[in-house]
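Hi there,

Here is the structure I promised to pass on. Please have a look at it, and then read on for my notes.

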Amino acid sequence: MEVSSEAEIGQFLRSITLPTAFFCAGDSYAIDTIRSAKAMGLRIPEDLSIIGLDDLLVSRYLDPPLTSLSFDKEGMGSKATELLYQIIQQQPFETINLFPTFVVPRGSVKQMPVIADNG
């Protein structure tokens with residue numbers, strides 16, 4: 001389900017059995033999710049972990065700071081422009097492009113104990 005505003009996120013959070021974590025499609029969605037969860041009395045990350053995508057500068061200044069995934073936005077944009085040009089020129093082009101993605105750990109994700117696999 002896609003929700004896009006803080007009010008819609010709050011309504012969504014109240015309508016479901018909460019999971020342990022949310023992965024949001026962008027840091028802005030994650031910020032709204034944190035606000036909505038806090039307005040419901042939930043503690044981040046104790047009650048709900050939240051992860052964003054984009055690693056926006058503001059993410060490190062939130063309370064708690066937002067854990068986010070970071071990727072090469074400029075490289076992705078450059079490749080998209082190149083691919084679009086190739087499509088317009090009716091040239092062959094690569095259809096699979098992978099860009100390195102990194103977790104930027106901050107305070108919005110609960111630390112879980114590591115369980116050893118004795119198998």
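**Ile 50 and the core around it**

Keep in mind that this is a predicted model. I would begin at Ile 50: setting aside its neighbours within four places in sequence, Ile 50 is in contact with Phe 22, Cys 24, Ala 30, Thr 33, Ile 34, Ile 44, Leu 66, Thr 67, Ser 108 and Val 109.

Ile 50 also belongs to the largest nonpolar core, which has 15 residues. The members that touch the most others are Phe 22, Ala 37, Ile 44, Leu 48, Ile 50 and Leu 66. Two elements, α1 (6-15) and α2 (27-39), give two or more residues to this core, and α2 gives the most, with four. As background, nonpolar side chains tend to be buried together in soluble globular proteins.

**Helix α3**

The other part I looked at is α3, which runs over residues 73-88. Its 16 residues reach 22 Å from the first C-alpha to the last, close to the 22 Å expected at 1.5 Å a residue.

Which residues of α3 are buried? They are Lys 79, Leu 83 and Gln 86. Seen down the axis of α3, these buried residues fall within an arc of 60 degrees, so they line one face of the helix. On the face turned away from that buried side sit the exposed residues Glu 74, Thr 81 and Ile 88.

Both ends are worth a look too. At the N-terminal end, Asp 72 caps α3, with a side-chain oxygen 3.4 Å from the backbone nitrogen of Glu 74. After the helix comes Gln 90, whose phi is positive, near 55 degrees.

Best wishes

Key
Residues are numbered from 1 along each chain as its sequence is written. This is a predicted model: local features need pLDDT of at least 70, side-chain atom pairs count only at pLDDT 80 or more; totals for chains, interfaces and linings use all residues. Side-chain values use heavy atoms; hydrogens and water are left out. The expected span of a helix is 1.5 Å times one less than its number of residues. Buried means under 20% relative accessible area, exposed over 50%, partly exposed in between (1.4 Å probe, protein chains only). The arc is that of the directions from the helix axis to the C-beta atoms. A polar contact is a pair of N or O atoms within 3.5 Å; within protein, one must be able to donate a hydrogen and the other to accept it, and residues adjacent in sequence count only if both atoms are side-chain atoms. A nonpolar core is a set of buried Ala, Val, Leu, Ile, Met, Phe, Trp, Tyr and Cys residues joined through side-chain atoms within 4.5 Å. Contact means heavy atoms within 4.5 Å.
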